[in-house]
Every structure is written in C-alpha cells, then in structure tokens.
Amino acid sequence: MRIDIVTIFPEFFSVLDVSLIGKARQSGLIELAVHDLRDSTHDRHRTVDDTPYGGGAGMVMKPEPWGEALDGILQADDPGAGSSSVVIFPSPAGEPFTQAIARELALAPHLVFGCGRYEGIDQRVVEHTKTRATVREISLGDYVLNGGEVAAMAMIEAIGRLVPGMVGNPESLTEESHEAGLLEYPSYTKPSVWRDLDVPPVLLSGNHGAIATWRHEQQLERTRRVRPDLLSE
C-alpha cells in the first residue's frame with residue numbers, strides 16, 4: 001500500500017517512523033510520503049489560505065495549492081484504467097470513521113490524505129478531485145480539531161494495522177472491539193492475583209468452551225454499559 005499525506009505541518013507525521021507503522025515502512029509493506037502543501041505555492045509568503053466568500057470568521061484554504069499538490073500525486077494513475085487512488089479529506093462534516101471503513105480502505109492500493117486547516121478546504125478541490133479519484137470525506141468523531149492531521153494519523157494507524165502482514169498474529173485482529181459489532185472483552189495476564197484483585201477463575205480453568213462463553217458475555221455486558229447504541233443497530 002502507498003500512502004500520501006498533504007499537510008502544512010509535515011513534521012507532525014514523523015511519529016509514523018516508530019511502532020508497527022515504522023516497521024511496515026522499513027519492510028516495504030507500506031510506502032509513505034508526506035508533502036508540504038506550501039511547496040505548491042508560488043508567492044513569497046507561501047500563502048495557502050484566504051478570506052471566505054460570503055463573509056464569516058476564519059480563513060479557507062485556497063484551491064490552487066491543493067490542485068497542484070494533488071496533480072503531482074495523482075498523475076501516475078492510468079486514466080484509461082480508472083483511478084486506483086482513494087483521496088480522504090478528514091472533516092467533521094464527513095461520514096463517521098468506523099472499523100468497517102478501516103477494513104475497506106485497507107484493501108486500497110493507494111490512499112491520499114488531504115489535511116485541511118482553518119475553516120477547511122475550498123469545496124471545489126473536493127469536487128474536482130472526484131473527477132480523478134474516489135473521494136471520501138471522513139469524520140473521526142463528533143467534535144472539531146484544529147486540523148486534519150490528528151484525524152489522518154488515527155486513520156492511518158487503524159487502516160495500516162489491517163494490511164496483510166502488518167500484525168504478527170492475524171487472529172488477534174478478529175477479537176478486537178467493533179469487529180463483530182461488540183466491544184472487546186477485558187484482558188488479564190500474570191500474576192493471577194495483584195493487589196488483592198484476582199483474575200476471573202474461568203480464565204484459569206483451561207476450559208476453552210467456558211472461556212469463549214465468558215468472553216462473549218463480557219462483550220455483551222460491556223457493550224450494553226458503554227455503547228448501547230451498537231446493540232440497537
């Protein structure tokens with residue numbers, strides 16, 4: 001998988017050199033490039049924003065730098081074969097990011113993250129990009145961040161770990177929260193007693209059927225208590 005990121009803060013993504021994502025980059029499972037949007041400007045101040053038409057507070061990111069930056073990233077796509085790229089614009093006005101979407105995007109050969117700032121990106125950038133690639137406007141949650149970088153980082157983490165070969169034991173991915181519409185069961189390790197708190201006896205029993213039943217019951221209980229909305233879907 002190839003991932004391109006467009007941002008005015010390229011240094012923000014240096015953390016992607018560590019942990020599983022960093023190892024995946026070193027092994028070639030993921031190819032990642034970060035592009036400074038200001039490199040696609042041509043004025044002395046490297047301007048990427050301007051006042052909004054119609055008035056209002058804040059600034060809007062200009063279409064020209066975005067168009068040029070995305071041109072350079074998407075130009076390798078074969079127009080005859082159709083674009084294989086998915087361009088993701090993190091936005092509080094987008095569809096909610098879910099584990100199902102992460103699994104879907106993990107199958108894409110090329111992801112592009114366009115990290116907006118200020119009051120967002122000129123909407124014409126989104127509309128024009130739709131003529132060249134699949135576009136997804138995705139929200140990390142019902143709150144507003146200063147920019148798209150944090151959201152892009154979270155999505156890359158969630159998507160990247162689902163790329164085949166990324167996680168050492170693939171079976172661990174099937175027992176996580178949201179994989180079956182339920183939250184994950186609680187986990188325990190040695191010692192069996194810690195600060196007068198015991199590991200649930202069933203986990204020490206060796207009875208795999210009973211353990212599976214207990215874990216499912218814990219998933220249901222936790223989901224009812226923390227995320228009852230998941231059970232109503």
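This is a short dialogue on reading a predicted model of one protein chain.

Student: Where should I start, and how many helices and strands does the protein chain have?

Tutor: Start with the inventory: the protein chain has 7 helices and 9 strands. Its C-alpha atoms fill a box of roughly 70 × 40 × 35 Å along the principal axes. Of its 233 residues, 39% count as buried.

Student: How do I read the sheet, and in what order do the strands stand?

Tutor: The general idea is that strands of a sheet pair through backbone hydrogen bonds, in either a parallel or an antiparallel way. Here, 5 strands make an open sheet with parallel pairing, ordered β2-β1-β6-β5-β7. The edges are held by β2 (31-36) and β7 (134-139); each has a single partner strand, so one side of each lacks a neighbour in the sheet. On average, neighbouring strands are turned by 25° against each other, direction ignored.

Student: Over how many bridges do β1 and β2 pair?

Tutor: Strand β1 (residues 2-7) pairs with β2 in the parallel sense over 6 bridges. To find one of them in the viewer, pick V6, whose bridge partner in β2 is H35.

Student: Which strands does helix α2 touch?

Tutor: Helix α2 (residues 63-74) packs on the sheet and touches β1, β2, β5 (85-96) and β6 (110-114). The direction of α2 makes about 170° with that of β6. You can read helix α5 (residues 149-160) in a similar way: α5 lies across β1, β5, β6 and β7 and runs at about 160° to β6.

Student: Now the backbone. What should I look for in phi and omega?

Tutor: Most residues other than glycine have a negative phi, and most peptide bonds are trans, so the exceptions are what to look for.

Student: Which peptide bond is cis?

Tutor: The bond from K190 to P191 is cis, with omega near 5°. You will find P191 in the loop between α5 and β8 (193-194).

Student: And where are Y118 and D196 found?

Tutor: Y118 is in the loop between β6 and α4 (123-129), and its phi is positive, near 60°. D196 lies in the loop between β8 and β9 (197-198); its phi is also positive, at about 65°.

Student: Is D196 buried or exposed, and why?

Tutor: D196 counts as exposed because its relative accessible area is 75%, and the cut-off for exposed is over 50%. Y118, at 38% relative accessibility, counts as partly exposed.

Student: Finally, how many charged side chains of each sign are there?

Tutor: The protein chain has 21 positive and 34 negative side chains, and the centres of these two sets lie 4 Å apart.

Terms used
Residues numbered from 1 in each chain as written. Predicted model: local features only at pLDDT ≥ 70, side-chain atom pairs only at ≥ 80, totals over all residues. Heavy atoms only, no water. Pairing = 2+ DSSP bridges. Helix = DSSP H or I, 4+ residues; strand = E, 2+ residues; numbered from the N terminus. Axes fitted to C-alpha atoms, helices over the stretch in contact; angles between N-to-C directions. Contact = heavy atoms within 4.5 Å. Buried < 20%, exposed > 50% of the residue type's maximum accessible area, 1.4 Å probe, protein only. Lys, Arg positive; Asp, Glu negative; His and termini not counted. Charge placed at Lys NZ, Arg CZ, Asp CG, Glu CD.
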